[in-house]
Amino acid sequence: MRIVVIGAGVVGLACARALVHDGHAVRVVERALAGDRTSFGNAGGLAVSEIAPASAPGLWKNVPRWLVDPLGPLSIRPGHALRLLPWLRRFLASGTPAEIARISAANAALNRRVYDDILPLLADVGLSGDLRRDGALTLYESEEGFEAERTDWERRAAHGFPHEVLSREEARAMEPALSPRIARAVFDPAWGIVADPRRIVEGLEAWLRAKEVAFHEAEAVAIEPKLDRVSVALGDGTTGDADLVVVAAGAWSARLAASVGDPVLLESERGYNVTIPRPNIALARQLVFAERKFVATPLAPGLRIGGAAEFAGLDAPARLDRADALARLARVYLRDLDTRGGTRWMGQRPSTPDGLPVIGWSPGKGRVIYAFGHGHLGLTQAATTGRLVAGLLTGDTAGVDMTPYAISRFAR
Ligand SMILES: Cc1cc2nc3c(=O)[nH]c(=O)nc-3n(C[C@H](O)[C@H](O)[C@H](O)COP(=O)(O)OP(=O)(O)OC[C@H]3O[C@@H](n4cnc5c(N)ncnc54)[C@H](O)[C@@H]3O)c2cc1C
């Protein structure tokens, strides 16, 4: 088939790769080939055991405290609050025990496949050596903090992701850079990290170009499925035809889905980080600071400290002082950390309210496949999404029931 993939982030390129493997003629439409991408600057974690939605019973008790704290993990820009309401309503509805169970099972079905799918991808692009499977350490400042997440850890174990609860001393023996401010830790052996998420995107692009995949620099503005083909209207006034379009435009995908007639609740959930080339400390694995909701990851470009969830819409300017705030916060837990010389960054997570990606056909249209909305897990789930998108064309989705990821869940 002649297939157009819209979006050259890690998800779009992983889809393009899987489709090329299956013998399709693929073109990629990307509006800014030299621009930044969310897929470039993320934390590099393969967070395979992260399966529950962010919404949880009792979460909202913390929200007022977070919103007034300039170092806090959550921020909603006042000008965006009203527009966020439908998404927030659905977010809250995803926090019931029954929904958490359903959503966790659906994310686990994807995440159990992650290494099976990403290992061949890394081999293709010559980056097998970029993967480190040393697990992750989640750190709690208080016993209460750990107790509040005990059920979550038990749920992960029930889905095939076991863990080990550690004392402060055991955690510090594994990561000597940690300050004693830790009450408990949980070691999760399943997590991995890549050396540099940007390298994977660039590697995929180079691999695809070598396979004669054309990259067209243009903004897709609308998609029109027809009986015998699908047309993509581009910002430069031209139109491209294909047999099939894959929408993988990250946080910008909702407008394209709307042009097809498929409503979706998708928000840009901005995250910030700072990458420090000479941090003066060494970490062996990714650290997750549970109560403060940020992570520290040892990557090839340096130690990356990042997190935060900011809802401000797609076009608001970045507030890079949030990245500085995270670096300051990290020094509480990593006392010898030298934060000088860091590079600040903001990226827009494509977040659905239920914490599940949108992967599947446009209902009734037959010529459009969606692959977006991976939120905090876009790198983790990219190769698997590519595998499943290609599988939708052959009818082989590796035994994964695709129902929970359907865009039709937003039509209600
Ligand atoms: C601070 C932070 C830390 C993170 N850490 C992790 C992590 O450790 N592990 C993990 O798995 N995930 C992590 N994520 C999430 C992950 O980065 C994203 O889920 C992932 O990058 C999304 O990839 P994507 O390809 O869907 O989107 P993007 O990378 O945003 O790519 C979408 C592309 O589509 C293009 N585009 C958009 N609209 C159009 C259009 N109309 N026409 C043409 N092109 C268009 C854009 O220019 C862009 O290049 C993190 C995110 C942030 C912000």
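**A walk through a pocket, two helix pairs and a cavity**

In this predicted model, the residues that line the second largest pocket divide by class into three nonpolar, four polar and five charged. The pocket itself has a volume of about 190 Å³, and the residues found along its lining are Asp36, Phe40, Gly41, Asp196, Arg198, Asn273, Thr275, Pro301, Arg304, Thr343, Arg344 and Trp345. Three elements give two or more residues each to this lining, namely helix 2 (38-41), strand 15 (267-276) and strand 19 (343-351). Of the elements that contribute, strand 19 has the largest share of the lining of the second largest pocket, with three residues.

It helps to step back now and look at the chain as a whole. The chain is built with 13 helices and 21 strands. Its radius of gyration is 21 Å, which is close to the 22 Å that the globule rule gives for 412 residues, so the chain is as compact as a globular protein of that length. Taken along the principal axes, the box filled by the C-alpha atoms of the chain is roughly 65 × 45 × 40 Å.

Two pairs of helices show how parts of this chain meet. In the first pair to consider, helix 1 (residues 10-21) packs with helix 6 (residues 114-124) at an angle of about 85°, and the axes of the two helices are 12 Å apart. Angles of 65 to 115 degrees count as roughly perpendicular, and helix 1 and helix 6 are therefore roughly perpendicular to each other. From helix 1, the residues Ala14, Arg17 and His21 meet Pro120, Leu121 and Asp124 in helix 6. Sorted by class, this contact of helix 1 with helix 6 has three nonpolar residues, one polar residue and two charged residues.

The other pair joins helix 5 (residues 97-111) and helix 13 (residues 378-394), whose axes come within 9 Å and cross at roughly 80°. That angle makes helix 5 roughly perpendicular to helix 13. Here Asn107, Leu110 and Asn111 belong to helix 5, and they meet Thr380, Gln381, Thr384 and Leu388 in helix 13. What classes of residue make up this contact of helix 5 with helix 13? There are two nonpolar and five polar residues in the contact, and no charged residues.

Helix 6 and helix 13 both come up again when we turn to the cavities, since each of these helices supplies at least two residues of the lining of the second largest cavity. The structure holds two cavities of 30 Å³ or more, and in the second largest cavity there is about 30 Å³ of space. Which residues line the second largest cavity? They are Val10, Ile118, Leu121, Ile200, Leu379, Ala382 and Ala383. Helix 13 gives the most to this lining, with three residues. Leu121 is worth finding in the structure, for this residue lines the second largest cavity and is also one of the residues of helix 6 that take part in the contact with helix 1. By class, the lining of the second largest cavity has seven nonpolar residues, with no polar and no charged ones, whereas the lining of the second largest pocket includes four polar and five charged residues.

Conventions:
Residues are numbered from 1 along each chain as its sequence is written. This is a predicted model: local features need pLDDT of at least 70, side-chain atom pairs count only at pLDDT 80 or more; totals for chains, interfaces and linings use all residues. Side-chain values use heavy atoms; hydrogens and water are left out. On a 1 Å grid over the protein atoms alone, a cavity is a set of points where a 1.4 Å probe fits but cannot get out, and a pocket is an open set with protein on both sides within 12 Å along at least five of seven lines; lining residues have an atom within 4 Å of a point. Grid points are joined across faces, edges and corners, and a volume is the space filled by probe spheres set on the points. Helices (H or I, at least four residues) and strands (E, at least two) are DSSP runs, numbered from the N terminus. Ala, Val, Leu, Ile, Met, Phe, Trp, Tyr, Cys and Pro count as nonpolar, Asp, Glu, Lys and Arg as charged, and the others, Gly among them, as polar. Axes are lines fitted to C-alpha atoms, for helices over the stretch in contact, and angles run from 0 to 180 degrees between N-to-C directions. Angles under 35 degrees count as roughly parallel, over 145 as roughly antiparallel, 65 to 115 as roughly perpendicular and the rest as oblique. Contact means heavy atoms within 4.5 Å. The radius of gyration is taken over C-alpha atoms; the globule rule is 2.2 Å times the number of residues to the power 0.38.
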